[in-house]
Amino acid sequence: MTQYVYRFGGGVSDGGRGDKNLLGGKGANLAEMASIGLPVPPGFTISTEFCAVYYDEGAKFPESLKAEVAQGIAHIEGVTGKTFGDAADPLLVSVRSGARASMPGMMDTVLNLGLNDETVVGLATASGDERFAWDSYRRFIQMYSDVVLELDHDAFEDALEIAKEDKGYYLDTDMTAADWRALVDKYKALVVELWDKPFPQDVHDQLWGAVGAVFGSWQSERAKVYRRLNDIPASWGTAVNVQAMVFGNMGDTSATGVAFTRDPAKGDNAYYGEFLINAQGEDVVAGIRTPQYLTKAAREAANAKPLSMEEALPEVYGELAGVFDTLETHYRDMQDIEFTVERGKLWMLQTRSGKRTAKAALKIAVDMAEEGLISREEAIARVDPAALDQLLHPTLDPQAARDVLTRGLPASPGAASGKVVFDADTAEKRAGAGDAVILVRTETSPEDIHGMHAAKGILTARGGMTSHAAVVARGMGRPCVSGAGSLSIDAKARVMRCAGREVNEGDVITIDGASGEVMIGEVPTMQPELAGDFGTLMAWADKVRRLKVRANAETPLDAKTAREFGAEGIGLCRTEHMFFDAARITAVRQMILAEDEKGRRAALDKLLPEQRGDFVEIFDVMAGLPVTIRLLDPPLHEFLPHEEEEFAEVAAAAGVEVDHLKRRAAELHEFNPMLGHRGCRLGVTYPEIYEMQARAIFEAAVSLTEAPVPEIMIPLVATRRELELMKAVVDKTAEAVFAETGKRVDYLVGTMIELPRAALRAGDIAEVAEFFSFGTNDLTQTALGVSRDDAARFLQSYVDKGIYAKDPFVSIDVEGVGELIEIAAERGRATRPEIKLGICGEHGGDPASIAFCERVGLDYVSASPYRVPIARLAAAQAALAKA
């Protein structure tokens, strides 16, 4: 019989940190902490394997599992000396999720389970604190009704607010035992009203309801969105952890908190966290109360008045600091920890590798390597390449004027400006329409995740730096200001107020996640400086990677940016982009609409000096490095005039009638231009176009003192003969320029592999080509028969239904497109062993695709300039993984 239940605590650990796939991150780490002697409340984990069984069996629990769970409960009873359901001294448990990948706030939790009308009295007597007992019971009813019974959460929140208003209270802690007891009666009445049945009193029914709800939350909409955004497979499932409750709401010697062993925002080697006295864990992470600082130094830096934990509970804080050091040394990584203090006794509820910003990830990885805690290779592997994107974008200009509305907590660094929106759906809708938006909420909840992803930044009135908004924003790389308590947000009226000022939905604000400032209007930004830890880690990465990293660039600014980010050349210079310049487009159109070679050459003569100037500037930036130039590729219809004014300009330049040009434009119309007269097909029919471009390239190259190595790439080749014809044009032009100038430069002629036929006939094509560059954008389109421009309508459904693991235009379809690349590489090398192989589609900046390129043995990847650092780090990680 398959074992599904694994115990921990009380001297027992059926699992450990190596069992993350089976027990989930939380369950594995609870077992591990218990095994190294840390104070962990006893409990058990129902494995991730059962999650699949749960869904396969129609959300039912087999008798064998019920027997295992009964043994698990007996284990907790044996350690605690309490009995589940006992009216005199009841055992209470928490029921929490725990997937193998951290998904903060995305799945469900139930606390204080085991309370009913009888056990609440026993809890009051056993604890000697009637207020605590009834507070715990009302919390349980409220949470269970929301999570398990799926009743309206706001109805219970409203009842609590009304109860406080009736008594003139401001804080939950003002409520007395009698107040909580009256609210429990109100809550039970609400359950009957909304559910048509009384609140469950049988503790075993409560337990199985909660276990089912946690497994069920794996398929909640918010969990699906989070998995999609973070590439977490649905097949992994979640575990369920059942654990003895410990209480942070038993008076002034009790507390609960969340802490990190290092600063997750900046990476500083200093304890970072928050706690609340006389509270339960959800009060901290949900932002229900704005928490207090963990350390005295953090409190003083924030100029906050409430005592830190270091000052209010010094002995327990000292013990906690020791646990921090133990865990970080044991796990060799920065830890995110949840703890509770029950009447002066410290209990550890969770540890996991903490989510961190890209800046913090760099600093922590470099610091730990220099401290000797991890190796340099481990430091390279610790930083998510995609997260570097957070470092490569502007921050607020410190010299710019700022109209500061208020300040909150600096929860996630970076800065963003955008139009204010007050709900997640509006954020997603307006972002989809092209607006930059800032999502403003009293507090965020997991249901807001799609809006948080769509927004440029997040602002909340409540919550601390470990609240849901802060944790999720840091993981997404979104700037976030939380706990801006002076804000009054009226989401229904679509307005927020502060200090006598109003900000309506649609008004522009700026937030600075590094300072916590909220500003009216848009504040100018400045480019980041990539030095220090970034430079150190990149230098380490460059020493271990094999793949070269180039950039896709066609302007001097792009080329300069790429060099600053460490590009080792240009892997794709799209010459057609140069033709769209307003000063040139008329000559381009004149060339396209000409009816004979003489007319085309007249227009090309106008373009030659412009094109030559383009290459001089780019070659100057890339002196001594390879520059791959793709000759004209797109369908001619992209350049054609559409407006009367445009036709008139071309007619005047060409000296012909407008009607004549319109007739010619109609003749050039294509029904499927992406598979029409484009790429090398233009060169075959109009070789003078490629001749002009080759002349511009070689004249530019020979004019420079330090020339680059031009690699001239013929696009959309399907046959050896096409490339043979075009190479002859290039070689003839090169020799003419060399003879005219008396100078020579080295150069290569190759092709873009972007058609399945070219991949399959790569052996023949390599007889002519000196390099292959895989144009994976078009290769994916032609291999899958899917238009990239139209695929957004249905591709997400394909990913959701498991047809593709990821969007194949974002990450290479390894089984299909990947096999074509492998075939082409193998056959090309069989013909020409020294052939240079690279990739230049958007996949060149995707870490998973780069890992594939390393496996296949390509020579380089080429990515957009801002993704060059991502590619450098991903290439290093791929090399380490292969070693």
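## Cavities

A cavity here is a set of points, on a 1 Å grid over the protein atoms alone, where a 1.4 Å probe fits but cannot get out. Grid points are joined across faces, edges and corners, and a volume is the space filled by probe spheres set on the points. With that rule, four cavities of 30 Å³ or more turn up. This is a predicted model, in which local features need pLDDT of at least 70, side-chain atom pairs count only at pLDDT 80 or more, and totals for chains, interfaces and linings use all residues. Residues are numbered from 1 along each chain as its sequence is written, and side-chain values use heavy atoms, leaving out hydrogens and water.

## The largest cavity

Let's start with the largest cavity, whose volume is about 100 Å³. Its lining holds 15 residues (each with an atom within 4 Å of a point), and Arg96, Met245, Val246, Thr340 and Leu349 are the closest to the centre.

## The second largest cavity

The second largest cavity has a volume of about 80 Å³. Eleven residues line this cavity, with Asp135, Arg139, Asp172, Thr173 and Arg289 nearest its centre. Seven of the lining residues are charged, two are polar and two are nonpolar; Asp, Glu, Lys and Arg count as charged, Ala, Val, Leu, Ile, Met, Phe, Trp, Tyr, Cys and Pro as nonpolar, and the others, Gly among them, as polar.

## The whole protein

Zooming out, the C-alpha trace spans about 100 × 65 × 50 Å along its principal axes. Of the 883 residues, 56% are buried, meaning under 20% relative accessible area (1.4 Å probe, protein chains only).

Terms used
On a 1 Å grid over the protein atoms alone, a cavity is a set of points where a 1.4 Å probe fits but cannot get out, and a pocket is an open set with protein on both sides within 12 Å along at least five of seven lines; lining residues have an atom within 4 Å of a point. Buried means under 20% relative accessible area, exposed over 50%, partly exposed in between (1.4 Å probe, protein chains only).
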